[in-house]
Amino acid sequence: MLADAATDSGGTRSGGTATATPQAPVPALAAVVTVPAAMAVAPLPHLVPTGFAARCTRALLSPWSRLSLLLVLLAGAASTVLLFHPQRLLSDGWPPQLGGAMAALVFAAAYGLCSVAFVPRPLLNLAAGALFGSQLGTGAALAGTVLGAGISFGLGRVLGQDALRPLLRGRWLKAADGQLSKHGFRSMMAARLFPGLPFWGVNYCAAVSRMRWTPFLLATALGSLPNTAAYVVAGARASNPTSPAFLIAMACIALPALGGAVVAWRKRHHLRAP
């Protein structure tokens, strides 16, 4: 008789009696670690620089400090123009070591800087015509116009916008700001075509508004072209004031001024409060 019996895989044979072997406990898949509250890492607070140097930095970068810097720069530029008398270009001419396109490029750069320093653009346009003739003078004057407008716009936007925008509370100021901000290209074209508005004033008003760079520069170039060309031609033909070109140029200067005055008079009610 067979005394041996098959035992299961979990038992052992001892004295004919099968005893079950205890199973090993299954290890935990993950141990839960409890971190004491005292050891928890708190979020770092926002560090604000303190001290004399930090206060000076905040004061220098404040809107009113930047506006003061802009006023100092403009006053210095205007004083420099008064000392060096750029109108002598009409009588003395351009330095003889420069000529052609290079002289026109240098003149355009000087034109832009002078227009930022409040030199009247008609004077600069007449000088461009007297020095370079009608075609090259128009190109140099127009390039200087766009350059000067861009410099003024950038200075006003960086140094003056934050301080001046809270002051736009008057009816006329709000109306002008709304036109420049919402209808930038159209408003700037009208401002450039209207000869009675000061060039530098329009630049800084546009800088304080929310007008973008592209419509400002494009409208400045297109809107300033007719008036600039008329003055340049008048400067180029000033030695012969009875010539048809000179008379046509003077008519192109006078007629837009008269038309702009009439339009401004008829449209004045748009800037009034409703």
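Start with the whole chain coloured by secondary structure: from the N terminus on, its elements run β-β-α-α-α-α-α-α-α-α-α-α. That makes 10 helices and 2 strands, where helices (H or I, at least four residues) and strands (E, at least two) are DSSP runs, numbered from the N terminus. This is a predicted model, in which local features need pLDDT of at least 70 and side-chain atom pairs count only at pLDDT 80 or more, while totals for chains, interfaces and linings use all residues. Residues are numbered from 1 along each chain as its sequence is written, and side-chain values use heavy atoms, with hydrogens and water left out.

Now switch on the surface. Of the chain's 274 residues, 30% count as buried. Buried means under 20% relative accessible area, exposed over 50%, and partly exposed in between (1.4 Å probe, protein chains only).

Next, select M102, L105 and V106. Together they make a nonpolar surface patch of about 290 Å². Patches are made of residues with over 30% relative accessible area and no salt bridge; like charges are joined within 9 Å, and nonpolar side chains (Val, Leu, Ile, Met, Phe, Trp, Tyr) within 5 Å. A salt bridge here is a side-chain nitrogen of Lys or Arg within 4 Å of a carboxyl oxygen of Asp or Glu. Accessible areas come from the Shrake-Rupley method with a 1.4 Å probe, and for residues only the protein chains shown count as cover. Click on V106, in helix 4 (residues 100–116): V106 counts as partly exposed because its relative accessibility is 33%.

Move along to F118, in the loop between helix 4 and helix 5 (121–164). Its phi is near 70°, a positive value in a residue other than glycine. With a relative accessible area of 30%, F118 is partly exposed.

Then pick helix 9, residues 213–236. Its 24 residues reach 32 Å from first C-alpha to last, close to the 34 Å expected at 1.5 Å a residue; the expected span is 1.5 Å times one less than the number of residues. Where does helix 9 bend? Look at L225: the bend there is about 45°, and a proline, P226, follows within four residues. The bend is the angle between axes fitted to the seven residues ending at a residue and the seven starting there.

Stay in helix 9 for L222, partly exposed at 44% relative accessibility. Add M189: the two C-alpha atoms are 33 residues apart along the chain, yet separated by 7.3 Å.

Finish with cysteines C205 and C252, partly exposed at 48% and 40% respectively. A search of the whole structure finds 0 disulfides, a disulfide being a pair of cysteine sulfur atoms within 2.5 Å.
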